[in-house]
Amino acid sequence: MVGITETVLRDGHQSLIATRMRTRHMLPIAEALDGIGYRSLEVWGGATFDVCLRYLHEDPWERLRALKRAMPRTPLQMLLRGQNLVGYRPYDDDLVERFVREAARQGIGIFRIFDALNDPRNMRSALSAVRKAGAVAQGTICYTRSPVHTLDAFVALGRTLAELGASELCIKDMGGFLPPGDATALTRALVREVRLPVVVHTHSTGGFSTLACLAAAEAGATAIDTAISPFSGGASQPPTEALVGAMQGMAVDPKLDLTALSEIATYFRGVLEHYRPMLNPRSLMTDPSILQHQVPGGMLSNLLAQLSEQEATGRLTEVLAEIPRVRADLGYPPLVTPTSQIVGAQAVLNVLAGTRYQQVSREVKEYVRGAYGRAPGPLDPVLVEKVTALGPADQASPSTLKEPEFEAGLREVRTLVPAADDAEALSYALFPTVFRAFTESRAEGVTWDALTTAALGITAVMRSSNARARTGATRFAPMRSGNSAWAVEGRARLQGGRRGIAEGRARRGW
C-alpha cells in the first residue's frame with residue numbers, strides 16, 4: 001500500500017494561485033481532511049511563510065497552530081529550504097535549530113529538507129535539528145537532468161543524506177519532467193541501496209506526472225504527493241482522486257474513500273472560485289517543452305515579469321534558449337528556489353545586453369564565490385576568473401560564514417513588540433522589514449477584511465460595468481446599492497476597516 005501526502009494546503013495553491021489561500025478557507029475543511037487517512041498533509045513552509053506576512057497579513061505561526069488544533073490525527077508536513085529555512089539566503093546554525101524546534105513544537109511532524117544545489121552540507125544542520133526535535137527528517141534529492149546528474153550520483157546523495165540523519169528520502173521533481181522510466185529506476189535504486197522509505201513529489205507541467213507517480217508506487221515508493229482535483233494539474237501535483245482511483249485493487253492501493261475525497265473536492269471548487277481572479281490560465285497548461293528547457297512554472301512567471309518590465313516579452317524564446325547555457329556555466333544547478341531565480345535573471349541580462357556576462361548579477365557573483373554552497377558540476381573557468389578577479393572563491397559551507405542571528409533579532413523585535421516570543425523573534429530574524437510592516441499594520445487595525453475591501457469593490461465595479469456593456473447601458477450609469485452583493489459586502493467591510501484603523505491610530509496616539 002502506498003501512502004498519499006495531500007498538498008492542497010501548501011504546494012497546490014502555491015503552484016496555481018501564488019500561495020494566496022487564506023487560513024479561513026482552510027479551517028472549514030480541516031476536519032474532513034484529517035479523517036481521510038492521508039499519510040501526511042503538507043500545510044507549511046515553502047513560500048507560505050513569506051506570503052502570509054507580506055501579502056495576507058496573517059501570522060504563519062498562528063496558521064500552523066490553528067491547523068494543528070483542527071487536524072490532530074494526521075501528521076503535518078512542511079517544506080524547509082535547508083540552511084535557507086523558509087527564506088532566500090543561508091542562516092546560521094543556531095537560527096536553523098531554533099526555527100526547527102519551534103516549528104516542531106507548534107505542530108510540524110515531517111520536515112522535507114532540500115537544498116537548491118543538492119549540497120548535503122546545506123542540509124546537515126536542518127537534518128540534525130529535526131532529529132533533535134523528535135520529528136521525521138525527510139532528506140530530499142532535487143531531480144534534474146544534466147551530464148553530472150546520473151543515477152549513481154543521486155544514489156550517492158541518498159546515502160550521504162542517510163548518514164547525516166535522514167529517516168526517509170524524497171525525490172523532488174520541481175519542474176514536472178520526471179519520466180516514468182526514471183521514476184522507476186531512481187525509486188528502485190534508492191530503496192535497494194539506501195534502504196530508507198522513499199517519497200515522490202512531482203508536478204504536472206510536463207504531462208506525465210500521474211504516470212510517474214504510478215511507476216514510482218509500483219517500484220516501491222512509500223508515498224506519493226497529490227493535490228485534490230480543483231488545485232491539481234498544470235504547475236501543481238497530479239489529482240488525488242485520479243491516482244487513488246487508478247490504484248484501486250492494485251497491491252499499492254492507498255485504500256482512501258473516493259466519496260469522501262469527492263466531497264472535499266466540492267468544497268475546494270468553491271474555494272478556487274473565490275480566488276479565480278488570481279488563477280493564471282498558463283498555470284494549468286501542459287507544457288512538454290519543459291523537457292528541453294527545464295524551467296518550472298514559477299520560474300517562467302518570474303521571467304515574464306522581468307521581461308515585461310523591460311518591454312521585452314517578445315524575447316522569451318531567446319531567454320529560454322539562454323537558460324541552459326547559463327545553467328551549464330554555473331555547474332548545472334537544479335532550477336529551484338533560489339537557483340532558478342539566479343539562473344533566470346542572468347539569462348535575461350545576457351539576452352537584453354546582447355553580450356553574455358557583460359553585466360553579472362550580484363547573486364551570480366555570490367554563487368560563484370560559494371555563498372550558496374558547492375555547485376553540482378564544474379563552473380565555467382572564464383566566468384570564475386571574471387567574478388573572482390577581486391578575490392578568491394570561498395567553498396566553505398555557507399553556515400560557517402554566518403554570525404549568530406537569533407539573539408540580535410530578539411533584541412530588535414522587542415523594540416517593536418515588547419513581549420515578543422521566540423516565534424515572533426524568528427519571523428523578524430527571517431524577514432525583518434516584512435515583519436516590521438506586518439506588526440505596524442496590525443497595530444493600525446489593518447486586517448484581511450480591510451485589505452480585501454478594495455478588491456471586493458473593484459470586482460463589483462468590474463462586474464457591473466461588464467453587465468452594463470452587454471446590455472448597452474451607459475458606461476457611467478450610477479450603480480444601484482442593491483444590484484451587487486459584492487458591493488454591499490465591500491462597503492460594509494470598508495466601514496469596519498476604517499473604524500479599526502481609526503481605533504488603532506487612537507491607541508498609538510496618532
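**Exercise 1.** Locate Arg 195 among the secondary-structure elements and state the sign of its phi angle.

*Solution.* Step 1: Arg 195 belongs to the loop between helix H8 (180-193) and strand E7; helices (H or I, at least four residues) and strands (E, at least two) are DSSP runs, numbered from the N terminus. Step 2: its phi is near 60°, a positive value in a residue other than glycine.

The model is predicted, with local features requiring pLDDT of at least 70 and side-chain atom pairs pLDDT 80 or more, while totals for chains, interfaces and linings use all residues. Residues are numbered from 1 along each chain as its sequence is written, and side-chain values use heavy atoms, without hydrogens and water.

**Exercise 2.** Describe the peptide bond between Thr 337 and Pro 338 and place Pro 338 in the chain.

*Solution.* Step 1: the bond is cis, with omega about 5°. Step 2: Pro 338 sits in the loop between helix H14 (316-329) and helix H15 (339-353).

**Exercise 3.** Determine how the strands of the barrel are arranged and which of them helix H1 touches.

*Solution.* Step 1: eight strands close into a barrel in the order E1-E2-E3-E4-E5-E6-E7-E8, with parallel pairing; two strands pair if DSSP finds at least two bridges between them. Step 2: neighbouring strands are turned by 30° against each other on average, direction ignored. Step 3: E1 (residues 3-6) and E8 (residues 223-226) pair over four bridges, and Thr 5 has Asp 225 as its bridge partner in E8. Step 4: helix H1 (residues 8-17) packs on the sheet, touching E1, E2 (40-45), E3 (76-80) and E7 (198-201), where contact means heavy atoms within 4.5 Å. The direction of H1 makes about 60° with that of E2.

**Exercise 4.** Classify the crossing of helices H18 and H19 and characterise their contact.

*Solution.* Step 1: the axes of H18 (residues 406-413) and H19 (residues 422-430) come within 8 Å and cross at roughly 105°; axes are lines fitted to C-alpha atoms, for helices over the stretch in contact, and angles run from 0 to 180 degrees between N-to-C directions. Step 2: the two helices are therefore roughly perpendicular, a class that spans 65 to 115 degrees. Step 3: the contact involves residues including Phe 406 and Leu 410 of H18 and Leu 426 and Tyr 428 of H19. Step 4: by class, the contact has six nonpolar, one polar and three charged residues (Ala, Val, Leu, Ile, Met, Phe, Trp, Tyr, Cys and Pro are nonpolar, Asp, Glu, Lys and Arg charged, the others polar, Gly among them).

How values were computed: Parallel < 35°, antiparallel > 145°, perpendicular 65-115°, else oblique.
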